[in-house]
Amino acid sequence: DRIRHDAPVLVIGLGRFGAATAGQLDRLGREVLAVDENESLVQKWSERVTHAVVADAKSIDALKQIGAQDFSIAVCAVGSSIEASVLITANLVDLKIPQIWAKAISASHGKILQRIGANHVIYPEREAGERTAHLVSGRMLDFIEFDDDFALVKMYPPKPIRGKNLTESGVRSKYRVTVVGVKSPGKPFTYATENTVVSNHDLIIVSGTEGDIERFAALE
Ligand code: ADP
């Protein structure tokens, strides 16, 4: 199913995670319907997002009343109560919402959500923890990890590649990673070529498998 990139988003639960999701979607210019059973939270958010309503999303009738079935994307951001999260996600599936994102607090919670029919399960704490470990453990300043173990990392260049061009340092053949872009201080990012010389204070963007990048980043 292809879904329009500007389709309105239904966000259920305005806790820390749901509120951040709804707020960022709003900043991205997306129409959001935020739902929470807590009236004061709804009141607080009603000025920030397009629509915010009080409803108990465990009830499919309550969801129908607010027009949930018309959405093509929904996020179940209720985590701390697994029972509520499961019932809400099941309701979203029953309403035939094609894209359902659901937050899980544990692997078993996530497995249940997937079995019920959530298309995307998010583990915010686990993901933030893994991310922190990467950032704490080395030279990496930022990274994105894709499904199949492929990653894109922002880092300072390890010693063996400094002061040489990328062909001389043999980044691809020796370390099996690709330098995609380079940023010298005060200059914008440029795409790297074979002749790009990487210096000490440059920032580089590197792509490769997670393991190869870890080894590359640990080089002294
Ligand atoms: P976080 O850890 O991100 O703060 P929580 O799981 O603690 O997330 O927050 C859940 C939010 O979802 C709370 O604001 C709560 O009021 C709301 N919520 C819980 N159950 C329901 C429900 N059945 N219908 C609508 N909102 C709910």
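Which handedness does the crossing of α4 and α5 have, left-handed or right-handed? The crossing of these two helices is right-handed. We will come back to this pair below, after a walk through the rest of the structure. Please keep in mind that this is a predicted model.

## Two domains

Let us start with the overall layout. The domain assignment of the chain gives two parts: domain 1 covers residues 9-122, and domain 2 covers residues 127-217. Taken over C-alpha atoms, the centres of domain 1 and domain 2 are separated by 37 Å.

A word on sheets will help with what follows. Strands of a sheet pair through backbone hydrogen bonds, and they do so either parallel or antiparallel. You can find both kinds of pairing here: an open sheet of six strands has parallel pairing, while an open sheet of five strands has antiparallel pairing.

## The parallel sheet

To trace the six-stranded open sheet, follow the order β3-β2-β1-β4-β5-β6. Its edge strands are β3, at residues 51-54, and β6, at residues 120-122, and each of them pairs on one side only. From one strand to the next, the twist averages 15 degrees.

Now look at one edge of this sheet. Strand β5 spans residues 99-103 and pairs with β6 in the parallel sense over three bridges. Within this pairing, Ala-102 has Val-121 of β6 as its bridge partner.

## The helix pair

Back to the two helices from the opening. Helix α4 takes in residues 82-94 and helix α5 takes in residues 107-116; their axes lie 9 Å apart, and the helices pack at an angle of about 20 degrees. Why do they count as roughly parallel to each other? Angles under 35 degrees count as roughly parallel, and therefore α4 and α5 are described in that way.

## Around the ligand

The model also holds a ligand, and 20 residues surround it. The closest of them are Gly-13, Gly-15, Arg-16, Phe-17 and Ser-80. By character, the shell divides into eight nonpolar, seven polar and five charged residues.

Which element supplies the largest share of this shell? That is α1, with three residues. Helix α1 runs over residues 16-27, and both this helix and strand β2, at residues 32-36, supply at least two residues of the shell.

## The antiparallel sheet

The five-stranded open sheet has the order β7-β8-β13-β10-β11. Strands β7 and β11, the latter at residues 190-191, are its edges, each pairing on one side only.

Starting from the β7 edge, residues 140-145 form β7 and residues 150-155 form β8; the two strands run antiparallel and are joined by five bridges. Ile-144 has Leu-152 in β8 as its bridge partner, and Asp-142 stands opposite Lys-154 in β8. The hairpin of β7 and β8 has four residues between the strands, and in this hairpin Asp-149 takes a positive phi near 75 degrees.

Next along the sheet, β8 is joined by six bridges to β13, residues 203-209, and this pair runs antiparallel too. Here we meet Lys-154 again, standing opposite Ile-205 in β13.

Strand β13 also pairs in the antiparallel sense with β10, residues 178-183, over five bridges. Moving on to the other edge, β10 and β11 run antiparallel and are joined by two bridges. A good residue to pick out is Val-182: its bridge partner in β13 is Ile-204, and its bridge partner in β11 is Thr-190. How many residues lie between the strands in the hairpin of β10 and β11? There are six, and in this hairpin Gly-186 takes a positive phi near 80 degrees.

Technical notes. Residues numbered from 1 in each chain as written. Predicted model: local features only at pLDDT ≥ 70, side-chain atom pairs only at ≥ 80, totals over all residues. Pairing = 2+ DSSP bridges. Axes fitted to C-alpha atoms, helices over the stretch in contact; angles between N-to-C directions. Near = placed C-beta within 6 Å. Nonpolar A, V, L, I, M, F, W, Y, C, P; charged D, E, K, R; others polar. Domains from an automatic or database assignment. Parallel < 35°, antiparallel > 145°, perpendicular 65-115°, else oblique. Left-handed = near helix turned anticlockwise from the far one by under 90°.
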